[in-house]
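Me: Please choose one part of this model and take me through it closely. I am in my first year, so please explain each term when you first use it.

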Amino acid sequence: MINETFDYVEYLKLKKSIDDRSLNSAVWNELVNRIKSKCQNSGSIFIVEPGAGIGTMITRIMDEVLREKITFKCAYTAIEPEPGFQTAAESYLQAWAEKQNAKFIKLNEQQWQLSKNEMEVTVDWECAAAEDFSQVLALKSVDLLLAHALVDLLPVPELVPDLMQCLKADGIFYFSLNYSGQTEFSPGHQSDSLLMQEYNADMDKRFPDLDWQASHTGNLLPDFLQKQGHTIISEGSSDWELDANGKAFILNILDTIKKALSSSPGIEQWYAERRDQLEHEKLKLKISNRDLLGEV
Ligand SMILES: C[S@@+](CC[C@H](N)C(=O)[O-])C[C@H]1O[C@@H](n2cnc3c(N)ncnc32)[C@H](O)[C@@H]1O
């Protein structure tokens, strides 16, 4: 369950436009090419996205499909454990449809259809964790497995091989915004180095029994997947680079760090100084992430 000190739905809405700017365009363009050819070859596509949040990746893909005029008939299963996000996703998708002049039909409580021109997307919203969704994952019927800003939260060696089982023999996967270990504030602060090491160490504590460094997921994932027999099609950085325009978002990150390091000496003073710099629009933040696209 998400347990942050701020409104996480609002955070995900803010994050959408920051991610749009950060996503690695070469990896994204290759994903779009693959989606296009899958739709041309088989007439429809089945996408599964664990950790779908409030559905921002669904709208990102629909925007691209409309921009590229792709004939797109899509079954999209979103798997999201946070119970409140289902309603948030319904509103988010409905608002997107209104803005795009697209049609939104509520088929039932957890199934919605969005359509415009040559695009028809049926979204199934499953309130579950990826680990608990084995019936879909066992079907080997998925064309595209997507996970955005999720994989660094997962016990990768334990879960990702299972997730991959859902893919068809010619299926592809796109794992984007995987944290790769660098959180850098500007201007620098004498406590940055120690605190950011502790911040990474806190992430790494998540899975004490696994040989996996969650804070370096973006760097470790390509090699891990290749060793599992998968092929990496494209890979590259998707760093967040935030300045005064991203003030509200930086505040969320500061709060996340403060909460994670609540028992670290010096955190209160560091946080107070960073808040002050943020208020005076003097704080910048860069967080390193990586995206990858691969095939079974
Ligand atoms: C950082 S948020 C990203 C949400 C969304 N992908 C986005 O970028 O807007 C991570 C999401 O993964 C979900 N999540 C966490 N652990 C999960 C798990 N084991 N299976 C599926 N989803 C999970 C959280 O509830 C949250 O919505």
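Reply: Two residues are in contact, or touch, if their C-beta atoms, placed from the backbone, lie within 7 Å. The model is predicted, so local features need pLDDT of at least 70 and side-chain atom pairs count only at pLDDT 80 or more, whereas totals for chains, interfaces and linings use all residues. Residues are numbered from 1 along each chain as its sequence is written.

Let us start from Phe46, which, leaving out residues up to four places away in sequence, touches Ala75, Ser141, Val142 and Asp143. Although Phe46 and Val142 are 96 residues apart along the chain, their C-alpha atoms are separated by 5.3 Å. Phe46 belongs to strand E1, residues 45-50 (helices, H or I of at least four residues, and strands, E of at least two, are DSSP runs numbered from the N terminus). Phe46 counts as buried because 21 C-beta neighbours lie inside 10 Å (buried means 20 or more other C-beta atoms within 10 Å of the residue's own, exposed 12 or fewer, and partly exposed in between, with C-beta atoms placed from the backbone).

From there we can turn to the interior as a whole. The largest nonpolar core holds 61 residues, and Leu144 and Leu145 have the most contacts inside it (such a core is a set of buried Ala, Val, Leu, Ile, Met, Phe, Trp, Tyr and Cys residues joined through C-beta atoms within 7 Å). Strand E7, residues 167-186, gives this core its largest share, 6 residues. Leu145 itself touches Val48, Leu163, Cys166, Leu167, Gly171 and Phe173, again not counting residues up to four places away in sequence. Another core, of 7 residues, lies apart from the largest one and includes Trp240, Leu242, Leu278 and Leu283. In soluble globular proteins, nonpolar side chains tend to be buried together.

Helix H3 also has buried residues, namely Thr56, Met57, Ile58, Thr59, Ile61, Met62 and Val65, and just after this helix Lys69 takes a positive phi of about 50°.

For contrast, consider strand E3, residues 103-108, which is hardly covered, since the count of buried residues among its 6 residues is 0. E3 runs antiparallel to strand E4, residues 111-116, and 5 bridges join the two (strands pair if DSSP finds at least two bridges between them). A hairpin of 2 residues connects E3 to E4, and within this pair Ile105 stands opposite Gln113 of E4.
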